[in-house]
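The exercises below ask you to work through the architecture of one chain, step by step. Please keep the coordinates open beside the text while you follow each solution.

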Amino acid sequence: MTENGNKKYMELEQYRKKMKPLDRASVEAAWKHWDSLCKPLRGMGRLEEMVAQLAGIYGTSRIGEIADLKPVVVIMGADNGVVAEGVSQTGSEVTAQVLENMGDRKSSVCIMSKQMGIEVIPVNIGMFVDGKHPRIRNRVVRYGTANMAKEPAMSREEAIQAIETGIQVVKELYEAGHRMIITGEMGIGNTTPSSAMAAVLLDKDVAEVTGRGAGLSSKGLEHKIEVIRRAIEVNQPDKNDILDVLSKVGSLDIAGMIGCYMGGAMMGVPVLIDGFISSVSAYCAVKLAPESKAYMVPTHCSAEPAGR
């Protein structure tokens, strides 16, 4: 690691030291309340566990009395150089188009979020171009990753910087009054790096963890699997080193979401996991900072093969 890289890693460690443990007294109080209700003991399963977890995060067993959590959806937008290998049915220009739509609040996630009174925050952490809409937060670490089928996607230092960017976004949102973060991403081709990372980190065959993404044909899927195999062969990522895997076969949006999970633990707010790519980010965050797991709330199991 370079001197600058070592300095950046130490900065990451300082963030980790600021992470807060759950309030165990509030967790126990929440369980005591649940168990006193007229219903089968622990009969509501995961719902009860989630409320007890939130009690520990917020430091109160009376979650329903919190006035306004102001949930917010954070979308990390970035482009992937590996799209040049033909692993996606659409071109990279679509990433910017969708992020601009989010700026206009016209995308599907914005329309659904509006029904719940939830704001969507689009963050450009690494598109090939700057976001034009004033609601897009341009926090570009680099303009798209390199083609991981030929070389590392980014440097180790850039991977750390992208994680730190996610942490800072959550910190800013916390200071603006938001007390619940929902993760999201936008990046054409990003199921390719996420599948590559899953294959390496979970020690699985590439074909076992790679899906059709946004709708590849069977032939397209076979090609995508071949490209991922080539990327892993070219870069030889170390599965025991999260930053090595992230920088060699990962993406900037994944790195940004890792930062969101770490930032949630640092600021003391829950961060919801949304889908396969968010799950890969969550896995990495836990490996980098085990304390962050207590603040993660999974929402569903993705249809991507590696989701479960």
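Helices (H or I, at least four residues) and strands (E, at least two) are taken as DSSP runs and numbered from the N terminus. The model treated here is a predicted one.

**Exercise 1. Determine how many helices and strands the chain contains, and examine its overall dimensions.**

Solution. Counting the runs gives 12 helices and six strands in the chain. Next, the C-alpha trace spans about 60 × 45 × 40 Å along its principal axes. Finally, a compact globule of 308 residues would have a radius of gyration near 19 Å, and because the chain has 19 Å, its value agrees with that expectation.

**Exercise 2. Work out the strand order of the sheet, identify its edge strands, and find which helix packs on the sheet.**

Solution. As background, strands of a sheet pair through backbone hydrogen bonds, either parallel or antiparallel. Here the six strands form an open sheet in the order 3-2-1-4-5-6, and the pairing is parallel. The edges are strand 3 (137-138) and strand 6 (296-298), each of which pairs on one side only. Helix 11 (residues 252-267) packs on this sheet, where it touches strand 1 (72-78), strand 2 (119-126), strand 4 (181-186), strand 5 and strand 6, and the direction of helix 11 makes about 150 degrees with that of strand 1. Looking at one edge in detail, strand 5 (residues 271-273) joins strand 6 in the parallel sense over three bridges, and isoleucine 273 stands opposite proline 298 in strand 6.

**Exercise 3. Describe how helix 7 packs against helix 12 and against helix 9, giving angle, handedness and contact residues.**

Solution. Begin with helix 7 (residues 191-201) and helix 12 (residues 275-288), whose axes come within 10 Å and cross at roughly 45 degrees. That angle is why helix 7 counts as oblique to helix 12, and their crossing is left-handed. On the helix 7 side the contact involves Thr191, Ser194, Ser195, Met197, Ala198 and Leu201, which meet Phe276, Ile277, Val280, Tyr283 and Cys284 in helix 12. Sorted by class, this contact has eight nonpolar, three polar and no charged residues.

Turn then to helix 9 (residues 218-235), which packs with helix 7 at an angle of about 60 degrees, the axes being 10 Å apart. Helix 7 is therefore oblique to helix 9 as well, but this crossing is right-handed. The residues that helix 7 contributes are Thr191, Thr192, Ser195, Ala196, Ala199 and Val200, and they meet Lys224, Ile228 and Ile232 in helix 9. By class, the contact has five nonpolar, three polar and one charged residues.

**Exercise 4. Classify the relative orientation of helix 6 and helix 10, and list the residues that meet.**

Solution. Helix 6 (residues 156-175) and helix 10 (residues 242-249) pack at an angle of about 100 degrees, with axes 9 Å apart. Since angles of 65 to 115 degrees count as roughly perpendicular, that is the class for helix 6 and helix 10. In the contact, Arg156, Ala159, Ile160 and Ile163 in helix 6 meet Leu243, Asp244, Leu246 and Ser247 in helix 10. These residues divide into five nonpolar, one polar and two charged.

Note on methods. Residues are numbered from 1 along each chain as its sequence is written. This is a predicted model: local features need pLDDT of at least 70, side-chain atom pairs count only at pLDDT 80 or more; totals for chains, interfaces and linings use all residues. Side-chain values use heavy atoms; hydrogens and water are left out. Axes are lines fitted to C-alpha atoms, for helices over the stretch in contact, and angles run from 0 to 180 degrees between N-to-C directions. Angles under 35 degrees count as roughly parallel, over 145 as roughly antiparallel, 65 to 115 as roughly perpendicular and the rest as oblique. A crossing is left-handed if the near helix is turned anticlockwise from the far one by less than a right angle, and right-handed if clockwise. Contact means heavy atoms within 4.5 Å. Ala, Val, Leu, Ile, Met, Phe, Trp, Tyr, Cys and Pro count as nonpolar, Asp, Glu, Lys and Arg as charged, and the others, Gly among them, as polar. Two strands pair if DSSP finds at least two bridges between them. The radius of gyration is taken over C-alpha atoms; the globule rule is 2.2 Å times the number of residues to the power 0.38.
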